[in-house]
Amino acid sequence: MSRLDPQRILFVCVENSNRSQMAEAFARIHGGPRVEATSAGSRPSGIVNAKAVRAMREKGYELETHRSKSTLDVGPGPFDAVVTMGCGDACPNIAARMRADWSIPDPRDMDEVEFRTVRDRIESEVVMLLERLGLPSS
């Protein structure tokens, strides 16, 4: 991989309908063309939660164009970073230069205020991840 190639980041949660979708969006927002971000679920729900779509629209990102997908749908590793979010043993071991597990609660059943709190925490974690990868937020 050339230093000019984008950093490949994979975000994994259980359903791929909330947390990992928002993390993928924030990596794209803050990493721009320096990042190739994707997300997947260990047991995908098949839909992106409407609350996540609304929450990201508030940040200027249209999550409605995303789809919920399985880790089996993601291209092969290795990735520069793989971040898991609360899927525990259900998260597959995917080859990566850097691995992280963010213990972020699933906001699926939270009210809008709590959901936004989780969204903002994910954004903060993504910004810190990009810095650790040598890609300060743009």
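## Packing around strand β1 and the main nonpolar core

W102 is buried, with a relative accessible area of 5%. That value, like the others here, comes from a predicted model. F11 is buried too, at a relative accessible area of 0%, and these two residues make up the one aromatic pair counted in the model. Their ring centres are 6.0 Å apart and the planes meet at 45°, so the pair falls in the tilted class, which runs between the stacked limit of 30 degrees and the edge-to-face limit of 60. The pair ties together distant parts of the chain: F11 belongs to strand β1 (residues 7-13), while W102 sits in the loop between β4 (96-101) and α3 (112-132), 91 residues apart.

Both rings turn up again in the largest nonpolar core, which has 33 residues. F11, L63, W102, V126 and L129 are the ones with the most contacts inside that core. In soluble globular proteins, nonpolar side chains tend to be buried together. The elements giving two or more residues to this core are β1, α1 (19-31), β2 (35-41), α2 (50-57), β3 (79-84), β4 and α3. The most comes from α3, with six residues. As for L129, once neighbours within four places in sequence are set aside, its contacts are I9, F11, A81, V83, M98 and W102. Both members of the aromatic pair, F11 and W102, are thus on the contact list of L129. There is also a second, separate core of 10 residues, and L10, V14, F79 and V82 are among them.

Strand β1 deserves a look of its own. Seven of its seven residues are buried, so the strand is largely enclosed by the rest of the structure. Q7, I9, F11 and C13 point one way from β1, with R8, L10 and V12 pointing the other way, and burial holds for all of them. On the R8 side, the charged end of R8 sits over the ring of F79, 4.2 Å from the ring centre. F79 is also listed in the second core, together with L10.

Next to this strand comes β2, which pairs with β1 in the parallel sense over seven bridges. Q7 has V35 of β2 as its bridge partner, and C13 is matched with G41. Like its partner, β2 is mostly covered, with six of its seven residues buried.

The loop between α2 and β3 reaches this region through V74. V74 is buried, with a relative accessible area of 15%, so it falls below the 20% limit for burial. Beyond its neighbours within four places in sequence, V74 is in contact with L10, T38, S39, A40 and F79. One of these, T38, is 36 residues from V74 in sequence, yet their C-alpha atoms are 7.8 Å apart in space.

Two residues of helix α1 show what that helix packs against. S20 is found in α1 and counts as buried, at 0% relative accessibility. The side chain of S20 makes a polar contact with the side chain of N16, at 2.8 Å. Leaving aside neighbours within four places in sequence, S20 is also in contact with F11, V12, C13, S39, A40 and M85. F26 is the other residue picked out in helix α1, buried with a relative accessible area of 0%. With neighbours within four places left out, F26 has contacts to G31, M56, K59, R119, I122, E123 and V126. The C-alpha atoms of F26 and E125 are separated by 9.5 Å, although the two residues lie 99 apart along the chain.

As for α2, its buried residues are K51, A52, V53, A55 and M56. What covers them includes α1 and α3, and M56 is one of the contacts of F26. At the start of α2, a side-chain oxygen of N49 comes to within 2.7 Å of the backbone nitrogen of K51.

Methods
Residues numbered from 1 in each chain as written. Predicted model: local features only at pLDDT ≥ 70, side-chain atom pairs only at ≥ 80, totals over all residues. Heavy atoms only, no water. Phe/Tyr/Trp six-rings, centres within 6.5 Å; stacked < 30°, edge-to-face > 60°. Helix = DSSP H or I, 4+ residues; strand = E, 2+ residues; numbered from the N terminus. Buried < 20%, exposed > 50% of the residue type's maximum accessible area, 1.4 Å probe, protein only. Lys NZ or Arg CZ within 6 Å of the ring centre and 35° of its normal. Core = buried A, V, L, I, M, F, W, Y, C linked by side-chain atoms within 4.5 Å. Contact = heavy atoms within 4.5 Å. Polar contact = N/O pair within 3.5 Å; in protein donor to acceptor, adjacent residues only side chain to side chain. Pairing = 2+ DSSP bridges.
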